[in-house]
Amino acid sequence: MAKKTAVIDLGSNSIRMVIFERTSRYGFYICSEYKKKVRLGENAYNNNKILQESAMYKAEQALAYFKEKALKEKCNKIIAVGTSALRDAPNSKDFIKRIMRNVGLNIKCINGKTESFLGGLAALNLLSNTQNATTIDIGGGSTELCLIKNGKIIDCLSLDIGTVRLKELFYDNKKFNALDKFIQEILIQIPKKFHNDNIIAIGGSLRAISTSIMKKNSYPLKILHNFCYEFEKEKNHIEKILNAKNLIDFNIKKDRFDTIKEGCVIFLALLKNLKAKRIITSAVGVREGVFLSNIFAKHNKIQEQTDDFLKFNSKFPPNFNPSLKSLQDRFSVNYPNKIAYFANKIFDTLEPLHNIDKCYKNDLINAAKIALIGEKINFYFSNEHSAYMALNGLNFGYSHQELALIFTLLKLDGKKINPYTIEYFKILLPNTHILSWLNFILALAKKLAKDTSENLNFVLKNHTLYIYLNDKEIYFSNDEIKKIAKPKLIVLAFNQKI
């Protein structure tokens, strides 16, 4: 098993490298990320798609730099893939040979459907509860669509429309009259089955749009991955970006100034065509898809010219999350931890009182699994360390609502809920009734787990929770347990059989 893997993605606009570290079979996290805005496709689209010498030289320099960084970080494997600019270019084979000779990297040129599939594979596994959606991945030279239905990739499509392509063919020459016709000819190629209420937005231009929307709305979380918005509510804002004279006013980074409007044009046209209602932002794409196909032991089966890869819909095991497992692998405590076990039993036992939807039980259990990881930093205020590590370490597979709830439960640590302490994440959190019960259950489970590793029994009778072990008395830190903020409906009784 390669512990560290570097994945390089040669796009028409940028070349990026992400370094992944595996902590177990499926557990992993991102160590570092590098980006060089090389513009491999620069001046190619208005020159018969031929890669230009200046662009190839810059790409070669960037790849040499990336390889040096990957080796310094002790990567066991380096995988490089080329997308639109490379597959379109008549001289792509010469460039690939040049890189192999001068840099020592083997670049695999993937076709459009494979590129679409890889983005879909990443979204399917690393977004929260992806069941039915169409991905839109707008790049410099092409745009990929991937159709996901019932949690499986159904079809893939690649369109010859991208930000750099539009810039060079229409915007630089001010051929705006021909642009509409070009876009309509592209849209005709999209089958109706790709129409979807849910759209997953992939690629730098679409991330820039989502960032702008987040800042406009003073969104509480500074996490782009899994950020969602309603198209109708934000359509006007996207149109304003398209027509803006000063993009700084829209919190667009300067390195996006020259292609963001082309990205808006493509995005708006596709959203209208696909009848989109809800946009889900993805911070993952081709690079993560390549890595996942590798750890699913299918990397060598990615096809160049067939649709066989559509049969490969590998996913993580049920109820498994790679980020949660990675945190457990790296920061688990060195003594038995039964917090999740106790939290599960207490939640079920108290269900007649709290009547909370079981969807919140998953968040409770996930918080319980990493409740002690903060001790690896410092025992004092360990709950706050755990909360911070969860918020910034649960990178994949959690919605923003789930992240906010897990963070809040870990930080509260059984203390009485102060409205001011939850105000910042209020729009993402459930109501106080749910929060107070989950806070109580997690804190009680944590205190019990500190006292014993035995399989305790929990029984609810007359609003009293009886906690005992058959034929054996257990010592409980009663003073500590009394500090836990309890919902008014519950009383605790220890070492008493009913």
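Helix α14 passes helix α16 in a right-handed crossing, meaning that the near helix is turned clockwise from the far one by less than a right angle. Helices here are DSSP runs of H or I with at least four residues, strands are E runs of at least two, and both are numbered from the N terminus.

Before going on: this is a predicted model, where local features need pLDDT of at least 70, side-chain atom pairs count only at pLDDT 80 or more, and totals for chains, interfaces and linings use all residues. Residues are numbered from 1 along each chain, and side-chain values use heavy atoms, without hydrogens and water.

Back to the pair. α14 covers residues 359–369 and α16 covers residues 400–412; they pack at about 50°, with axes 9 Å apart. The two are therefore oblique to each other; that word is for angles that are not under 35 degrees, over 145, or 65 to 115.

Which residues of α14 meet α16? Tyr360, Asp363, Asn366 and Ala367 do, and on the α16 side they meet Glu402, Leu405, Ile406 and Leu410. Contact means heavy atoms within 4.5 Å. Five of the residues in this contact are nonpolar, one is polar and two are charged.

α14 also appears with helix α12, residues 339–349. Among the buried residues of α12 (under 20% relative accessible area, 1.4 Å probe, protein chains only) are Ile339, Phe342, Ile346 and Phe347. The buried residues of α12 pack against α13, α14, α17, β12 and β13.

Last, the strands. β7 (143–149) and β8 (152–159) pair antiparallel over seven bridges; pairing takes at least two. Leucine 147 has aspartate 155 of β8 as its bridge partner. In their hairpin, with two residues between the strands, asparagine 150 takes a positive phi near 50°.

Terms used. Axes are lines fitted to C-alpha atoms, for helices over the stretch in contact, and angles run from 0 to 180 degrees between N-to-C directions. Ala, Val, Leu, Ile, Met, Phe, Trp, Tyr, Cys and Pro count as nonpolar, Asp, Glu, Lys and Arg as charged, and the others, Gly among them, as polar. Buried means under 20% relative accessible area, exposed over 50%, partly exposed in between (1.4 Å probe, protein chains only).
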